Amino acid sequence: MKKIFTILALLALCTSAFSQNVALPFSVIRQDPAAAAMGGTYLASVGRHGFEANPALAPFSSGKGDVSLGWNLWQPSSTNYVNLDGSMCFKQRFSLSLGFSYGIGAAYESISSIESIPEKFNPKDLMIGAGFGMRFGKYLGAGVKLRYIGQTLSPDSKLGTVSADILLSSRIKDFAVTLGAVNLGGKVAVGKNATTKFPIPSSIALGLGWNHCFAECHNLEILADADYYFHNEFSAALGAEYSWNRMVAIRAGYHYGKLVPSHASLGAGFSFKGFNLDFSYLISKKDCPVNNSAVLRLGYCF
């Protein structure tokens, strides 16, 4: 029975990973619709809030904090995520963020007894984390994120670990740059008695950004991110956002990669008296698993 569970767990792992080289691949999914709409870029964005934002740049933001509730339909008919996060900035020098994400995958038949009676089972993903950022002078910031990421692949196969982001950022006028290590963590085994261990998708990351305001009410942001994963994969993303009067935003981007398959993205955002609604939509080939994925979030900034 243990062997059956292990086989099922490995099958679910490979199906959800898009790559058979890593465990817990959902930890690299962008749950923030603004980032998702811009190809997944976030490392050099100054205006982002919440746990998904770069904590090293959060103290540069003019806002005091925010809370948000989101929903992510990842790989349509496959996995639904519910996300809750919030952040606070103190005197434009310190930032603190908290995040929670819970995903439920599509049901499959699992063998749960020696009589080989099949039962329905839904794989589950869990992420709980906290981030801290600090600003040093006018131009430099540093940030750390810690998170627990776990996955239940079958009734008898669970895996989880703690990961960390370590980021260093600089902002000079309209330009921002970030360099860091993302999702650092040890290898994990699938099942209690499994001998094979898989690394999580850890990377060295670089982010570049330009953000400029025209005629007081028009704002344009252009971002580029690149990741080199330690399991010898590379990804890159480019995104842009135009916003008017801090009320309406239009976003677009493109992501290149294998861990998260290459795709284009579109999105929009609406803000009024502190409340904001953001949406993103991913576009790729018909047989690509992320095609038609969507993220929706309702938040309040103060």
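Q: Which residues lie nearest the centre of the largest pocket?
A: This is a predicted model, and its largest pocket holds about 1200 Å³ of space. The lining of that pocket is made up of 44 residues. Those that lie nearest its centre are G47, H49, E241, S243 and R246.

Q: Which strand gives the most to the lining of the largest pocket?
A: The elements that give two or more residues to the lining of the largest pocket include strand 1 (65-74), strand 12 (203-214), strand 16 (263-272) and strand 18 (294-301). With four residues, the one that gives the most is strand 16.

Q: How many residues in the lining of the largest pocket are charged?
A: The lining of the largest pocket can be divided by class. It has 14 nonpolar and 18 polar residues. The charged residues number twelve.

Q: Which residues are the closest to the centre of the largest cavity?
A: The structure holds five cavities of 30 Å³ or more. The largest cavity has a volume of about 450 Å³. It is lined by 37 residues, and the closest to its centre are V28, R30, G40, Y229 and H255.

Q: Which strand supplies the largest share of the lining of the largest cavity?
A: Strands that each supply at least two residues of this lining include strand 1, strand 7, strand 9 and strand 14. The largest share is five residues, and it comes from strand 14.

Q: How many residues in the lining of the largest cavity are nonpolar?
A: The lining of the largest cavity has eight charged residues and twelve polar ones. The nonpolar residues number 17.

Q: Why does N183 count as buried?
A: N183 lies in strand 9, which covers residues 175-184. A residue is buried if its relative accessible area is under 20%. N183 therefore counts as buried, because its relative accessibility is 2%.

Q: Which residue has a side chain joined to that of N183 by a polar contact of 2.9 Å?
A: Leaving aside neighbours within four places in sequence, the residues in contact with N183 include S27, V28, R147, S163 and P201. The side chain of N183 reaches the backbone oxygen of P201 at 3.3 Å. The polar contact of 2.9 Å joins the side chain of N183 to that of S163.

Q: Which side chains of strand 6 point to the buried face?
A: In a regular strand the side chains alternate between the two faces of the sheet. Strand 6 covers residues 124-136, and its side chains alternate. K124, L126, I128, A130, F132, M134 and F136 point to one face and are not buried. Those that point to the other face and are buried are D125, M127, G129, G131, G133 and R135.

Q: How many bridges join strand 6 to strand 7?
A: Strand 6 pairs with strand 3 (residues 94-105) in the antiparallel sense over eleven bridges, and in this pairing G103 stands opposite D125. Strand 6 and strand 7 (residues 140-154) also run antiparallel, with F136 opposite L140. The number of bridges that join strand 6 to strand 7 is 13.

Q: Which residue in the turn between strand 6 and strand 7 has a positive phi?
A: Strand 6 and strand 7 form a hairpin with three residues between them. The positive phi is about 70 degrees, and the residue is G137.

Q: How far apart in space are L98 and E52?
A: L98 lies in strand 3. Not counting residues up to four places away in sequence, L98 touches F51, L84, D85, G86, G129 and A130. L98 and E52 are 46 residues apart in sequence, and their C-alpha to C-alpha distance is 9.2 Å.

Notes:
Residues are numbered from 1 along each chain as its sequence is written. This is a predicted model: local features need pLDDT of at least 70, side-chain atom pairs count only at pLDDT 80 or more; totals for chains, interfaces and linings use all residues. Side-chain values use heavy atoms; hydrogens and water are left out. On a 1 Å grid over the protein atoms alone, a cavity is a set of points where a 1.4 Å probe fits but cannot get out, and a pocket is an open set with protein on both sides within 12 Å along at least five of seven lines; lining residues have an atom within 4 Å of a point. Grid points are joined across faces, edges and corners, and a volume is the space filled by probe spheres set on the points. Ala, Val, Leu, Ile, Met, Phe, Trp, Tyr, Cys and Pro count as nonpolar, Asp, Glu, Lys and Arg as charged, and the others, Gly among them, as polar. Buried means under 20% relative accessible area, exposed over 50%, partly exposed in between (1.4 Å probe, protein chains only). A polar contact is a pair of N or O atoms within 3.5 Å; within protein, one must be able to donate a hydrogen and the other to accept it, and residues adjacent in sequence count only if both atoms are side-chain atoms. Contact means heavy atoms within 4.5 Å. Two strands pair if DSSP finds at least two bridges between them.
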